[in-house]
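Trainee: I have a model with a ligand in it and some time to go through it. Can we start at the ligand and work outwards?

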Amino acid sequence: MSYPAQESIIKTLGILAALAEEVSALLDEMGPTAHTQRIGMRDYHQGVLYGQPCVIALTRVGKVAAAATTATLLHEFNVERVVFTGVAGGIAENVQVGDVVIGSALAQHDLDARPFFPRFEVPLLHTSRFATSDALSALLLRCAAEFLAGQPAAPAAHLGLIATGDQFLNSAQALARLRADMPEALCVEMEGAAVAQVCHEFGVPCAVMRTVSDRADDDSHIDFPLFLRDVASVYSAGILRRFLATLPELTQAEEAFNTPPA
Ligand code: ADE
């Protein structure tokens with residue numbers, strides 16, 4: 001068995017979100033020590049949060065925007081882990097507004113290169129789903145459950161498939177179609193599968209966390225902005241603070257795993 005070099009134990013974490021509300025509290029906490037670099041019309045903020053070196057960036061909305069930002073984050077900033085945070089429309093029956101979904105895997109519900117490839121399969125990558133890191137997702141799920149237990153009405157934390165596409169779902173009809181197409185999907189959003197694919201291609205572990213802002217139905221465009229402003233930013237910062245403070249446990253576990261027996 002070979003063991004990797006031990007010199008770089010603390011790994012840099014990339015934190016991505018589509019919209020400013022979703023990470024503004026963490027950006028404020030990074031404070032004046034943050035160093036900002038602008039590349040490809042996006043700002044990458046490097047700094048330290050809870051003792052962890054981090055780079056925070058806004059992807060903007062949609063798969064192309066998310067893929068471009070993730071590729072730059074991984075290529076230019078030596079990021080070794082990525083967490084995406086944001087909101088989503090709930091599509092499974094038991095996923096309610098205010099709940100949090102952690103993605104075990106991400107799939108593009110609008111990808112269709114038939115007849116050359118099966119529906120949803122990413123051409124030439126032989127898969128329609130990109131798994132997230134088990135370790136990062138388990139830690140996020142634990143932090144989400146602990147945070148939500150202290151909130152009014154104690155919303156639930158779920159782990160499962162997240163569907164991504166370049167559409168804001170805004171009708172009962174579109175919701176029914178997506179449920180029929182991807183029955184296991186818990187929620188729908190517009191960036192996660194792009195982030196997960198780029199992380200897969202760079203060999204970097206990632207996790208995706210979504211607070212459910214609406215039910216992807218006829219009212220979703222009304223629920224979404226209110227929720228984003230009043231709840232999502234608070235949940236996102238609350239859960240990520242816990243996650244950052246607990247991340248050293250994961251690092252110690254990895255370190256123990258990689259240390260040769262005496
Ligand atoms: N993000 C939040 N709500 C959404 C919806 N209804 N459709 C797509 N992405 C979303």
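**Ligand site and a few local features**

Mentor: Start with the shell: 13 residues surround the ligand, and the closest are Ala88, Gly89, Phe168, Leu169 and Asp214. Keep in mind that this is a predicted model.

Trainee: What classes of residue make up the shell around the ligand?

Mentor: Eight of the shell residues are nonpolar, three are polar and two are charged.

Trainee: Which strands each supply at least two residues of that shell?

Mentor: Strand S5 (81–90), strand S9 (187–189) and strand S10 (206–214). The largest share, three residues, comes from S5.

Trainee: Ok, polar contacts next. How far is a polar side-chain atom of Asp214 from a nitrogen atom of the ligand?

Mentor: That distance is 2.6 Å.

Trainee: And which polar backbone atoms come up?

Mentor: One belongs to Leu169, 2.9 Å from a nitrogen atom of the ligand. Another belongs to Gly89, and there the distance to a ligand nitrogen is 3.3 Å. The cut-off for a polar contact is 3.5 Å between N or O atoms.

Trainee: How much of the ligand's accessible area does the protein cover?

Mentor: On its own the ligand has 260 Å² of accessible area, and the protein covers 97% of that.

Trainee: Where does the ligand sit, in terms of pockets?

Mentor: In the largest pocket.

Trainee: Changing topic. How many aromatic pairs does the count come to?

Mentor: Two aromatic pairs. One of them is Tyr44 with Phe77, at 5.0 Å centre to centre and with 20° between the planes.

Trainee: Why is the pair of Tyr44 and Phe77 called stacked?

Mentor: Because planes under 30 degrees apart count as stacked, and the angle for Tyr44 and Phe77 is 20°.

Trainee: Where in the chain are Tyr44 and Phe77?

Mentor: Tyr44 is in strand S3 (residues 42–49) and Phe77 is in helix H2 (residues 63–77). They are 33 residues apart, and the pair links distant parts of the chain.

Trainee: Now the backbone. Which peptide bond is cis?

Mentor: The one from Arg114 to Pro115, with omega near 5°. Pro115 is placed in the loop between strand S6 (100–108) and strand S7 (129–131).

Trainee: Last one: what about the phi of Tyr50?

Mentor: The phi of Tyr50 is positive, about 50°, although Tyr50 is not a glycine. Tyr50 is in the loop between S3 and strand S4 (52–58).

Methods
Residues are numbered from 1 along each chain as its sequence is written. This is a predicted model: local features need pLDDT of at least 70, side-chain atom pairs count only at pLDDT 80 or more; totals for chains, interfaces and linings use all residues. Side-chain values use heavy atoms; hydrogens and water are left out. A residue is near a molecule or strand if one of its heavy atoms lies within 4 Å of it. A polar contact is a pair of N or O atoms within 3.5 Å; within protein, one must be able to donate a hydrogen and the other to accept it, and residues adjacent in sequence count only if both atoms are side-chain atoms. Accessible areas come from the Shrake-Rupley method with a 1.4 Å probe; for residues, only the protein chains shown count as cover. On a 1 Å grid over the protein atoms alone, a cavity is a set of points where a 1.4 Å probe fits but cannot get out, and a pocket is an open set with protein on both sides within 12 Å along at least five of seven lines; lining residues have an atom within 4 Å of a point. A molecule sits in a cavity or pocket if more than half of its atoms lie within 2 Å of its grid points. Helices (H or I, at least four residues) and strands (E, at least two) are DSSP runs, numbered from the N terminus. Ala, Val, Leu, Ile, Met, Phe, Trp, Tyr, Cys and Pro count as nonpolar, Asp, Glu, Lys and Arg as charged, and the others, Gly among them, as polar. Rings of Phe, Tyr and Trp (its six-membered ring) pair if their centres lie within 6.5 Å; planes under 30 degrees apart count as stacked, over 60 as edge-to-face and the rest as tilted.
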